[in-house]
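Here are some notes for a first reading, set out as numbered points. Please keep the structure open while you work through them.

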Amino acid sequence: MNTYELVVIIHPDLDDEAIDQALTRIKNWIADGGGKIEKTDNWGKRRLAYEIQKQREGIYYLMDVILPPTSIAELERNIIILEPVMRHMIVTKNES
Amino acid sequence: MIDDSNSSGSNDRRRSRSYSGGRRYQRKPRYCIFCSDKTLELDYKNYSLLRKFITEEGKIRPRRQTGACAKHQRGVAREIKRARHIALLPYTGETWEESIR
């Protein structure tokens, strides 16, 4: 089990309900993979440094995820398909 | 005596070069700032710190400008690339001010 940081940028035009829905889907995928979310951080709506999918803003969520390394690929595949997510990044959390 | 005057002369030259060479170029720090300040954490989320390590065009500054040691320069480069991926930093220069319009 490793600790990962997952950043997702969600489409800015979505309402809270759709965002919640997307986040619960991510949560379920993580649970299916045998992991859990340590904490979720909402950075709110931020201006992007460059346009992604014609959007200049995005809603950022940062999650600390504990997950066995074998299910990372699966999770990543699922997130790519998830439509509200414009961009995601999974990195191992640096211990310091 | 000759040595003294020589060294002070080279110092002057270096100082003047660092001020005249390029408006935005920060004077080269003598030490790696991450080695001298252990509390500084290299993190892609700390984009305001990383902004100091990119040029106006968004390029990663070379080591001769940042003064970072090899180990930390690698870390800086890695974190900048991460920050770019999640649109905290630009890949190219055109950003904020310009795109607000």
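The points below take the sheet, two of its residues, the second chain and the contact in turn.

1. Before anything else, please bear in mind that this is a predicted model, and that every value below was computed from it.

2. The sheet in chain A is a good place to begin. Four strands of chain A make up an open sheet, in which the order is S2-S3-S1-S4 and the pairing is antiparallel. Its edge strands are strand S2 (36–52) and strand S4 (85–92) of chain A, each of which pairs on one side only. On average, and with direction ignored, neighbouring strands of the sheet are turned by 20° against each other.

3. Within that sheet, strand S1 (residues 2–10) and strand S3 (residues 55–67) of chain A pair in the antiparallel sense over nine bridges. If you would like a pair to find on the screen, Ile10(A) stands opposite Ile59(A) in S3(A). Helix H2 (residues 72–81) of chain A packs on the sheet, where it touches S1, S3 and S4 of chain A, and the direction of helix H2 makes about 165° with that of S4(A).

4. Two residues of the sheet are worth a slower look, beginning with Val7(A), which lies in strand S1 of chain A. Is Val7(A) buried or exposed? Val7(A) counts as buried because it has 21 C-beta neighbours inside 10 Å, and 20 or more are needed for that label. Although Val7(A) and Tyr61(A) are 54 residues apart in sequence, their C-alpha atoms are 5.7 Å apart in space. Leaving aside residues up to four places away in sequence, Val7(A) touches Tyr60(A), Leu62(A), His88(A) and Met89(A), and also Ile86(B) of the other chain.

5. The other residue is Asn42(A), which has its place in strand S2 of chain A. Asn42(A) has 12 C-beta neighbours inside 10 Å and therefore counts as exposed, the limit for that label being 12 or fewer. Between the C-alpha atoms of Asn42(A) and Met63(A), which are 21 residues apart along the chain, the separation is 8.7 Å.

6. Turning to chain B, you should find six helices and zero strands, so the order of elements from the N terminus, written out, is α-α-α-α-α-α. Chain B has 101 residues, of which 17% count as buried. Among its contacts between residues at least 6 apart in sequence, 68% join residues at least 24 apart.

7. Helix H5 of chain B allows a simple check. Its 16 residues, at 1.5 Å a residue, should span 22 Å, and because the end C-alpha atoms of H5(B) are 23 Å apart, the two values agree. The buried residues of H5(B) are Val76(B), Glu79(B), Ile80(B), Arg82(B), Ala83(B) and Arg84(B), and they pack against S4 of chain A as well as against helix H3 (47–50) and helix H4 (63–66) of chain B. Just after H5(B), Ala87(B) takes a positive phi of about 60°.

8. Lastly, please look at where the chains meet: how many residues does the contact take from chain B and from chain A? There are twelve from chain B and 13 from chain A. On the side of chain B that touches chain A, the elements giving two or more residues are helix H5 (70–85) and helix H6 (96–100) of chain B. Sorted by class, this side of chain B has seven nonpolar, three polar and two charged residues.

Definitions and conventions: Residues numbered from 1 in each chain as written. Chains lettered and ligands numbered in written order. Predicted model: local features only at pLDDT ≥ 70, side-chain atom pairs only at ≥ 80, totals over all residues. Contact = placed C-beta atoms within 7 Å. Nonpolar A, V, L, I, M, F, W, Y, C, P; charged D, E, K, R; others polar. Pairing = 2+ DSSP bridges. Axes fitted to C-alpha atoms, helices over the stretch in contact; angles between N-to-C directions. Expected span 1.5 Å × (residues − 1).
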